[in-house]
Amino acid sequence: MARYNGLIIPRSYNDYFSRSDPQAIRDLVALAADGELNAESKNPLQNQAIAKIVPATASPENKLIVQSQISGLTADVENIKNIIPNTASETNELADKNFVNSTVGTNTANYIYKTESGGEKVPFSSVAELEAYAGTVTNNDYAFVTGIDENGNAYYDRYKADVNDGVVTWAKEYRLNNSSFTAEQWAAIQSGITAEKVAQLEAAVSPVDFVQSGNMSAVTSNAVANKVNGGISLSPKGNTSKYVSIGNFVLKKGVIITVMFTKGNSADNPTLDVNDTGAKPIKVVKAGAKVVPVTHTGYWRGATTTSVEMWQPYTILEFMYDGTDWVIVGNPTVESYSSDTASYEVKADGLIEQWGISSNKSGIETISLPITYSNINYNLQVEVAETNSLSLAGGQFWQNNIYEVKENSFTLAKGLHYNGSGNTNSNVPRRWGTVGY
């Protein structure tokens, strides 16, 4: 054994630790704290004793620690106090219990509902019914108002309560759709429509063709879902490209539109541009094929000089887009005129019907047709216009000689009345009619 300032130091490490002298341990710890024993000591025994009794890091079995470690932990404690102080400040509210409780209260919401006679909890059926709710309402409470919108879809509107001085104000936050399908989609699901029927409808040139092909039993106002509203085209009659603006229009195969052409049309190979979707050719169905409508030369509407037209001003036409062309639906009348001597109708596919009464009752007369046919292969019929002014006995008949047929005229010889023994000249007007392209 040796002494150091009154402290007995064993000659060996094991001798020291075999002792159970509490005072020796306390003295050693005190020396270490005062710096008289430190890590830089050259005494191995001293170093071993200090390391065993006062380790650098405390443990559950040994909570003693050197001063330098205590100083570091003290700094950490101060940092924690700065982050979470005992009293909250304007910039640091972590330690404010009242603030925490207030925050929890502010963000707490109760579901407000009405109770049916059977005890079922259900949303309110109107805003007025919600506002008339007499139960307890706190700030941020919420409720739902349900109903049916203008499209037939069920909805749930969520409302949030704002309570100020006992006055409850409900504000709408958002709307929920209770169905994954719209009313139109439900109607389509229940309609029995199939992909095959849709393909048949899209392949049809017009609703009439669709019915005649046997693909649909009847056409109603709702049968053609692709039909949209019409528009008015102000394009000049001589312009090849016609333009029209139509609301809620989407260019797609099968869409049907109606257009009024206020200026008519006199241009060959006309096109139609709807809402700047591009000029598409206008076609008409003739003899089972799509063809370009043709212009005609004629004395239009009683004019004394001829001009070229395809359809007259304010003509209303219905078109279906087949993916390439705007096809005129059906075969509507695009030109018509009536007078005492000559009348006509012109169809979209170019078919011309003309009729009139001759002014010369007995002599040779050339009839000028209002509209010129494309060739002389048109049907021509002539008959007596006033049969009630004559009494024809048995074996008697009228003979009307027709010759010199041209595209724009034909000539009638004198009307002959065969009286059974010979011919006599007639003295009555004759009615005529023609049909052709």
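Rings of Phe, Tyr and Trp count as a pair if their centres lie within 6.5 Å. Keep that in mind for the views below, which all come from a predicted model.

**View 1. An aromatic cluster of four rings.** Here Tyr111, Tyr113, Tyr142 and Phe144 come together as one aromatic cluster. One of them, tyrosine 142, also has a partner across the strands: it stands opposite lysine 160 in S6.

**View 2. The hairpin of S5 and S6.** Stay with that strand pairing for a moment. Strand S5 covers residues 142-148 and strand S6 covers residues 154-164; the two run antiparallel, with 7 bridges joining them. Between the strands of this hairpin sit 5 residues, and glycine 152 takes a positive phi near 85°.

**View 3. Arginine 175 and its contacts.** Now look at strand S7 (residues 167-177), which is where you'll find arginine 175. Is this residue buried, exposed or partly exposed? Its relative accessibility is 42%, so arginine 175 counts as partly exposed. Its side chain makes a polar contact of 2.6 Å with the side chain of aspartate 157. Leaving out residues up to four places away in sequence, arginine 175 touches Asp149, Tyr155, Tyr156 and Asp157. Valine 145 is 30 residues away from arginine 175 along the chain, yet their C-alpha atoms are separated by 9.3 Å.

**View 4. Two separate nonpolar cores.** The largest nonpolar core is made of 35 residues. Which of them have the most contacts inside it? Those are Ile257, Leu272, Val274, Phe319, Trp326 and Phe410. Several strands each give this core at least two residues, among them S10 (256-261), S12 (279-286), S16 (315-321) and S24 (409-418). There's also a second core, separate from that one, with 9 residues, including Phe124, Val137, Tyr159 and Ala161.

**View 5. Asparagine 265, tucked into a loop.** Asparagine 265 belongs to the loop between S10 and S11. With a relative accessible area of 0%, this residue is buried. Who are its partners? The side chains of asparagine 265 and lysine 242 are joined by a polar contact of 3.0 Å. Setting aside neighbours within four places in sequence, asparagine 265 is in contact with Lys237, Asn239, Lys242, Pro270, Glu309, Met310 and Trp311.

**View 6. Two aromatic pairs, edge-to-face and stacked.** The model has 13 aromatic pairs. In one of them, tryptophan 300 and tyrosine 344 meet edge-to-face, at 5.7 Å centre to centre and with 80° between the planes. Tryptophan 300 lies in the loop between strand S14 (296-298) and strand S15 (307-309), while tyrosine 344 lies in strand S19, so the pair ties together parts that are 44 residues apart in sequence. Tryptophan 300 is buried at 4% relative accessibility, and tyrosine 344 is buried at 0%. Tyrosine 373 and tyrosine 378 are stacked instead, with 4.3 Å centre to centre and 20° between the planes. Both rings belong to buried residues: tyrosine 373 has 2% relative accessibility and tyrosine 378 has 8%.

**View 7. How confident is the prediction along the chain?** The mean pLDDT of the chain is 75, and 59% of the residues reach 70 or more. Over residues 12-20 the pLDDT is below 50, and this stretch has 16 contacts in the model beyond near neighbours in sequence. Residues 205-224 also stay under 50, and here the model has 22 contacts beyond four places in sequence.

Conventions
Residues are numbered from 1 along each chain as its sequence is written. Side-chain values use heavy atoms; hydrogens and water are left out. A nonpolar core is a set of buried Ala, Val, Leu, Ile, Met, Phe, Trp, Tyr and Cys residues joined through side-chain atoms within 4.5 Å. Buried means under 20% relative accessible area, exposed over 50%, partly exposed in between (1.4 Å probe, protein chains only). Helices (H or I, at least four residues) and strands (E, at least two) are DSSP runs, numbered from the N terminus. A polar contact is a pair of N or O atoms within 3.5 Å; within protein, one must be able to donate a hydrogen and the other to accept it, and residues adjacent in sequence count only if both atoms are side-chain atoms. Contact means heavy atoms within 4.5 Å. Two strands pair if DSSP finds at least two bridges between them. pLDDT is the predictor's confidence in each residue, from 0 to 100. Rings of Phe, Tyr and Trp (its six-membered ring) pair if their centres lie within 6.5 Å; planes under 30 degrees apart count as stacked, over 60 as edge-to-face and the rest as tilted.
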